[in-house]
Amino acid sequence: MTYDVVVIGAGPAGMAAAVTSAQAGCRVALLDAAPRPGGQYWRHRADADGREHHDWSTFTRLRAGLARVDHHHDAAVWFVEPGFAVHTRNGVVEGRRLVIATGAHDRVVPFPGWDLPGVVTAGGAQALLKGQGVRFAQRVVVAGTGPFLLPVATSLAAAGSTVVGVYEANDPAAYLRHLSSVPGALGKLTEAAGYGAALLRHRIPYRPRTAVVAAHGTDQLTGVTVARVDDGGVVAGTGYEVECDGLAVGFGFVPQLELAVALGCETRLDADGNLVVAVDAAQATSVPDVYAAGEVTGVGGAALALVEGQLAGAAVAGTFGHRTPWSTGRLSRLLLRRRTLRRFASVLAAVHPVPAGWPQWCRDDTLLCRCEEVPVGRVRQAGRDGSVIDGRGAKLMTRTGMGWCQGRMCGYATACLTAHEAGRTVTGADLAAYAGRPIAQPIPLGELAGDD
């Protein structure tokens, strides 16, 4: 069977796109690697009742709408042929239109000790808690930058962990400068105030302009060094140590672009320093019949992903001559909401940048690429002797990004470090060197050989 629409990714954007196009009359397949829909935002256990999630009613409504959709779970997509034959771990699904809604993963930068057992990404800590009900540690530090640190900290505390501190590398007071320029910003601050109240209830200290600059231990994390940082992310003073057996760290998110890049979709450099898929007003990419929605077009949160998914689903249905399932007025409201949420996303990027001074936190022996065990000093030396001048050169000459994760963890940091050593800003080409992966997901050679 050839579907009208194949949607890749069952997070907020993918679910919204699939349900919208199905309601308009399209035959839709929704492909996702997880056993249940919801993506990272609504990741849940089989018996979840929604008490641990925001906007659960929207999820349950979308999940009910999947009755009109062929939902293929446990179907990680590892390749898409032009045309579109979509190769998954469970076989090949063919479609006439494609919507890419693959989401994002944690963005991290290295520091001494970040490879110790007990150090996880903020998203990893949240995924363990939502998906399996597992607290990854008992005495936890949450660090990095961005509003995502707040739900991670409060969720861990509610589950029984002792959160000894949230260390935010930037100053959230900067939001006050943007209240008048972004409609709805006050509502976001009200949400943040709710998290602030939860921090107080659990007696969790919140330290702005403070970063974890080193982790300590031998076979297991035993503590971290935290220090004040200035506007440029440069450490001020020697810092102090905090005892902990768990560190959840994250500096925002990186869009998962493998499939879009492999198909030839144009990309652009976004305000938060990420490479993202370029789309038009209808969420269409530069490749005919390929659409994108959600974090792949720019990290902006679940609310924006839902809006973009609906717009993409309606646009795809329109190419088959189906009428949109909404009124003209609702469409106008969706377009306005997309503009507003994108403006707020630009505010998030301005308030919570990755600290520019993070390379100074790293010693030469700090691991940069954990899979291939490439230290920071090797990339620095390659930059000094002129053998590496860009992200692609760093990948080829130092093997960063050539291991199991294929640069998902180290690609952003390596591209930035390479540009830093060359005395310039990071470019889209630097980041693209770590975004292009012909095989989008790890797959056993036996499965690859057995594919038609």
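Here are some short exercises on the structure above, each with a worked solution.

**Before you start**

This is a predicted model, so to speak: local features need pLDDT of at least 70, side-chain atom pairs count only at pLDDT 80 or more, and totals for chains, interfaces and linings use all residues. Residues are numbered from 1 along each chain as its sequence is written, and side-chain values use heavy atoms, with hydrogens and water left out.

**Exercise 1: a sheet**

Task: work out which strands are the edge strands in the open sheet with the order β12-β13-β14.

Solution.
- Step 1. Let's get the terms down: helices (H or I, at least four residues) and strands (E, at least two) are DSSP runs, numbered from the N terminus. Two strands pair if DSSP finds at least two bridges between them.
- Step 2. The open sheet has three strands in the order β12-β13-β14, and the pairing is antiparallel.
- Step 3. β12 (210–217) and β14 (235–243) each pair on one side only, and they are the edge strands.
- Step 4. Now zoom in on one pairing: seven bridges join β12 to β13 (residues 221–229). Within β13, Gly-223 is the bridge partner of His-216.
- Step 5. On average, neighbouring strands of this sheet are turned by 25° against each other, direction ignored. Here axes are lines fitted to C-alpha atoms, for helices over the stretch in contact, and angles run from 0 to 180 degrees between N-to-C directions.

**Exercise 2: salt bridges**

Task: find out which parts of the chain Asp-289 and Arg-97 tie together, and whether Glu-258 is buried or exposed.

Solution.
- Step 1. A salt bridge is a side-chain nitrogen of Lys or Arg within 4 Å of a carboxyl oxygen of Asp or Glu. The idea behind it is that side chains of opposite charge can pair when their charged atoms come close.
- Step 2. The structure holds 14 salt bridges. In one of them, the closest N and O atoms of Asp-289 and Arg-97 are 3.4 Å apart.
- Step 3. Asp-289 sits in the loop between β18 (275–277) and β19 (290–292), and Arg-97 in strand β6 (residues 91–100), so the pair ties together parts that are 192 residues apart in sequence.
- Step 4. For burial, the cut-offs are under 20% relative accessible area for buried, over 50% for exposed, and partly exposed in between (1.4 Å probe, protein chains only). Asp-289 is partly exposed at 33%, whereas Arg-97 is buried at 12%.
- Step 5. Next comes Glu-258, which forms a salt bridge with Arg-408, their closest N and O atoms being 3.0 Å apart. Glu-258 is in helix α6 (residues 258–263) and Arg-408 in the loop between α10 (391–398) and α11, 150 residues apart.
- Step 6. Glu-258 is buried, with a relative accessible area of 4%. Arg-408 is buried too, with 16%.
- Step 7. One more pair: Arg-209 and Asp-231 meet in a salt bridge at 2.6 Å, N to O. Arg-209 lies in the loop between β11 (206–208) and β12, and Asp-231 in the loop between β13 and β14, so this pair ties together parts 22 residues apart in sequence. Asp-231 is exposed, at 66%.

**Exercise 3: backbone oddities**

Task: find which peptide bond is cis, and say what phi Asp-74 and Gln-283 have.

Solution.
- Step 1. Keep the background in mind: most residues other than glycine have a negative phi, and most peptide bonds are trans.
- Step 2. The bond from Gly-83 to Phe-84 is cis, with omega near 15°. Phe-84 is in the loop between β4 (77–81) and β5 (85–88).
- Step 3. Asp-74 has a positive phi, near 50°. Asp-74 belongs to the loop between β3 (70–72) and β4 and is partly exposed at 37%.
- Step 4. Gln-283 also has a positive phi, near 70°. Gln-283 lies in the loop between β18 and β19 and is buried, with a relative accessible area of 0%.
- Step 5. Finally, the C-alpha atoms of Gln-283 and Gly-309 are separated by 8.5 Å, with their positions 26 residues apart along the chain.
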